[in-house]
Amino acid sequence: MGAAPLQFRLSTLEDAGALADLRVLAMKDSLMALGRFDPIRARERLLSGFESGCTWQIFQNACLVGFWVLKPQEPVWLLDHFYVLPNHQDQGIGAQVLAHLFAQADLAGKALQLGALKGSRSNDFYLRHGFVKVGEGEWDIYWERQPTP
């Protein structure tokens, strides 16, 4: 039997606090590995630029399991945040969300760009899903996926 289907819901301002908490949980291991875990800073990174109109929540069986922030910019779309709760990772949720985003980006003819924390398992995930490394900063690796016709 397959996994329960996902539902996506656009966020409201009232969702910001819960999503910031989810971000802290999702990033804790990666940030600890770099010696940079600070839950207050991790929350503030999301809250300081929270845009409900670009933030989508991921539900499975009516439970919030993750979220993403997609900022349609020119000439590319920026996947600014993408998190799945640790106890829901490795179940295909991220792959299903990327398939959804790829379909939208391909239809619009837009490349997707994102940054992922160095040392995070998410880098292997993005590589497996067709992203190409386009740069590197002090703390992040930058990825891009070109649209397919």
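This report describes the largest pocket, the salt bridges, a nonpolar surface patch and two residue pairs of a predicted model.

Because the model is predicted, local features require pLDDT of at least 70 and side-chain atom pairs count only at pLDDT 80 or more, whereas totals for chains, interfaces and linings use all residues. Residues are numbered from 1 along each chain as its sequence is written, and side-chain values use heavy atoms, with hydrogens and water left out.

**The largest pocket**

The largest pocket holds about 1,200 Å³ of space, and among its 47 lining residues M27, F82, Y83, S120 and S122 are the closest to its centre. A pocket here is an open set of points on a 1 Å grid over the protein atoms alone, where a 1.4 Å probe fits, with protein on both sides within 12 Å along at least five of seven lines; lining residues have an atom within 4 Å of a point. The volume is the space filled by probe spheres set on the points, which are joined across faces, edges and corners. At least two lining residues come from each of α1 (16-33), α2 (39-47), β4 (76-84), α3 (93-108), β5 (111-117), α4 (122-128) and β7 (140-145), where helices (H or I, at least four residues) and strands (E, at least two) are DSSP runs numbered from the N terminus. By residue class, the lining divides into 22 nonpolar, 13 polar and 12 charged residues; Ala, Val, Leu, Ile, Met, Phe, Trp, Tyr, Cys and Pro count as nonpolar, Asp, Glu, Lys and Arg as charged, and the others, Gly among them, as polar.

**Salt bridges**

With a salt bridge taken as a side-chain nitrogen of Lys or Arg within 4 Å of a carboxyl oxygen of Asp or Glu, the count comes to 9. The table lists some of them, including their N to O distances.

| Salt bridge | N to O distance |
|---|---|
| D80 and K71 | 3.2 Å |
| E74 and K110 | 2.7 Å |
| R121 and D90 | 3.2 Å |

The pair of E74 and K110 links distant parts of the chain, with E74 in the loop between β3 (63-72) and β4 and K110 in the loop between α3 and β5, 36 residues apart. Within this pair, E74 is exposed at a relative accessible area of 66%, while K110 is buried at 14%; buried means under 20% relative accessible area, exposed over 50%, and partly exposed in between (1.4 Å probe, protein chains only). R121 lies in the loop between β5 and α4 and D90 in the loop between β4 and α3, so their salt bridge ties together parts that are 31 residues apart in sequence, and both R121 and D90 are exposed. K71 is buried, with a relative accessible area of 17%, and belongs with E51 and D80 to a network of salt bridges.

**Surface patch and residue pairs**

V132, V134 and Y142 form a nonpolar patch on the surface that has about 260 Å² of accessible area together. V132 is found in strand β6 (residues 132-136) and, at 48% relative accessibility, counts as partly exposed. Patches are made of residues with over 30% relative accessible area and no salt bridge, like charges being joined within 9 Å and nonpolar side chains (Val, Leu, Ile, Met, Phe, Trp, Tyr) within 5 Å; accessible areas come from the Shrake-Rupley method with a 1.4 Å probe, and for residues only the protein chains shown count as cover.

K133 also lies in strand β6 and is partly exposed, with a relative accessible area of 43%; K133 and S52 are 81 residues apart in sequence and 28 Å apart in space, C-alpha to C-alpha. G115, in strand β5, is partly exposed at 41%, and G115 and W139 are 24 residues apart in sequence and 9.4 Å apart in space, C-alpha to C-alpha.
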